[in-house]
Amino acid sequence: MRVVILGAGFGGLELATRLSETVGGEVDVVLVDQSDTFVFGFSKLDVMFGRLPPSAVRHSYRDHVKPGVRVVRAVVHAIDPVAKRVETDAGPLDADVLVVALGADLHPGATPGLVEGGHEFYTIAGAFALREVLARFAGGHVVVGVTSTPFKCPPAPSETALLMHDHLTRRGIREASRISLVMPMGVPIPPSPGASAALLAAFAERGIEWHPDRCVQALDPARGVAVLNDGSELPYDLFLGVPVHRVPAVVEKSGMTVDGWVPVDPLTLETAFPGVYAIGDVTSVGTPKAGVFAEGQALVVADRITALVRGTAPSGGYGGHGTCYMEFGHNQVAAVDVTFLPGQPPRGTIDGPSRAIAADKVEFGAQRTLRWFGRTYVAPDQPPV
Ligand SMILES: Cc1cc2nc3c(=O)[nH]c(=O)nc-3n(C[C@H](O)[C@H](O)[C@H](O)COP(=O)(O)OP(=O)(O)OC[C@H]3O[C@@H](n4cnc5c(N)ncnc54)[C@H](O)[C@@H]3O)c2cc1C
């Protein structure tokens, strides 16, 4: 049996690792990615705020060495979900089970003025380029703004505003600056009232201006203003945006999408095409677009493939549960525990923020770096604020 996994991100890496552990000798697993390295989403914040150099956060797929797993570096050009056949620039691949884990593509160019007059911190290139920009910034109005929904890691804009406060404070220019946060939701973390209250209190304490229920529609670099979708404008000196997210073009072309994302059975992650699964950000499964959810979905699909190989019943359905670590600044992190189940309102609780949970987040990165790449994790610097 051949399992072809498209995308070696959070979901694809965990799926390949788990399959190697369970059926590594019995199944041919092919893991395809266009990139040569993996970067954790949260490491983008570590690099841009100068807490780690770029070299410390790139994990080479050469180090993903697992019995029964072959990593292929290639761009996927076409997916035929009926034939379970994939065209790549390294040749075609036929699968018995196909798993689409290609994530969400980012489109800074879809927001007028963003590329010319602002910055974005969601792509690897964008976040890494901001390292120098933030190191040189002389103070002024920083606007952190979301341009559309859905977007990955809903806490990330709030984390960025809080870490920006520390960054400007350390550099002695906080007094000469303003920080504004523009978000499309009414509260920062809708499924967790506790997390939202803690964030709103932290914004108020640090003088971070909160603009809910709005998106940034465009930048007008000539006038130095961000134009919001309610028609209002915010002047900015430094704009950090969350760009428009879309399913990768190859997935759109495959005919697997409905309303822009891949629908799946919320319990099994199987698509409308038998033997074809989708996990992570590429889906519309109903959980937030975050690595921990992609990983949880990978475990369900691994279990189903293992059961298929062994001729046994799969052990259970997807529970929609994940714990997200959220940077609060002051070298503290909170853990937000959320559960999304079909037909039920999402539930969430918050633990922290504290330094002990900051250590747990380091452990989270260390465990995955060891598990996926056999490497030691480099923890970010925590300079005093
Ligand atoms: C600033 C920031 C902070 C974040 N913090 C967190 C956090 O603290 N915790 C958390 O859980 N999540 C966090 N996230 C979100 C997390 O990074 C993503 O949700 C997660 O990576 C999604 O996993 P995935 O497997 O669905 O897709 P991805 O990890 O995006 O992987 C998709 C892979 O597919 C490949 N690919 C795409 N198209 C093609 C193609 N045509 N051919 C070949 N390969 C292709 C890509 O190269 C990529 O490696 C953060 C994100 C950002 C931007």
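This dialogue walks through a predicted model, from overall dimensions to single turns.

Trainee: What do I look at before any detail, and how many helices and strands are there?

Mentor: Start with the inventory. The protein chain has 10 helices and 23 strands. Then take the outline: along the principal axes, its C-alpha atoms fill a box of roughly 65 × 40 × 40 Å.

Trainee: Why does the radius of gyration agree with a compact globule?

Mentor: Compare the chain's value with the one expected for its length. A compact globule of 385 residues would have a radius of gyration near 21 Å, and the protein chain has 21 Å, so the two agree.

Trainee: Next, domains. Which residues go to which domain?

Mentor: Read the bounds first, and check whether a domain is written as one segment or several. Here the domain assignment gives domain 1 as 2–104 + 247–310 and domain 2 as 107–245. Their centres, taken over C-alpha atoms, are separated by 30 Å.

Trainee: How many residues of each domain are in contact with the other?

Mentor: On the domain 1 side there are 14, and they meet 18 residues of domain 2. Helix α2 (residues 41–48) gives the largest share of the domain 1 side, five residues. By class, that side has nine nonpolar, two polar and three charged residues.

Trainee: How do I read a sheet, and what is the strand order in the open sheet of five?

Mentor: Write down the order across the sheet, then the sense of pairing, then the edges. The order is β5-β2-β1-β9-β20, with parallel pairing. At the edges are β5 (69–73) and β20 (276–278), each of which pairs on one side only. Neighbouring strands are turned by 20° against each other on average, direction ignored.

Trainee: Can we take one pair from inside that sheet?

Mentor: Take β1 (residues 2–6) and β2 (residues 28–33), which are parallel and share five bridges. To find the register, pick one bridge: V3 has V29 in β2 as its partner.

Trainee: Which strands does helix α1 lie across?

Mentor: Helix α1 (residues 10–23) lies across β1, β2, β5 and β9 (97–100). For its direction, use the angle to a strand: α1 runs at about 165° to β2.

Trainee: Now hairpins. Which residue in the hairpin of β15 and β16 takes a positive phi?

Mentor: Check the pairing, then the linking residues. Strands β15 (residues 216–220) and β16 (residues 225–228) are antiparallel, with four bridges, and D220 stands opposite V225. Four residues lie between the strands, and G224 takes a positive phi near 65°.

Trainee: What does β16 do on the β17 side?

Mentor: β16 is joined to β17 (residues 233–235) by three bridges, again antiparallel, with V227 partnered by E233. That hairpin also has four residues between its strands, and in its turn G231 has a positive phi of about 90°.

Trainee: Last, the ligand. Which residues come nearest?

Mentor: List the shell, then sort it by distance, element, class and domain. Of the 36 residues around the ligand, G7, G9, G41, G103 and G280 come nearest. At least two residues each come from α1, β2, α2, α9 (291–310) and β21 (321–329), and α2 has the largest share, four residues. The classes are 21 nonpolar, 10 polar and five charged. Domain 1 and domain 2 each contribute at least three residues to the shell.

Trainee: Helix α2 has come up twice, then.

Mentor: Yes: α2 gives the largest share of the domain 1 side that touches domain 2, and also the largest share of the shell around the ligand.

Conventions
Residues are numbered from 1 along each chain as its sequence is written. This is a predicted model: local features need pLDDT of at least 70, side-chain atom pairs count only at pLDDT 80 or more; totals for chains, interfaces and linings use all residues. Two strands pair if DSSP finds at least two bridges between them. Axes are lines fitted to C-alpha atoms, for helices over the stretch in contact, and angles run from 0 to 180 degrees between N-to-C directions. Two residues are in contact if their C-beta atoms, placed from the backbone, lie within 7 Å. Domain bounds come from an automatic or database domain assignment. Ala, Val, Leu, Ile, Met, Phe, Trp, Tyr, Cys and Pro count as nonpolar, Asp, Glu, Lys and Arg as charged, and the others, Gly among them, as polar. A residue is near a molecule or strand if its C-beta atom, placed from the backbone, lies within 6 Å of it. The radius of gyration is taken over C-alpha atoms; the globule rule is 2.2 Å times the number of residues to the power 0.38.
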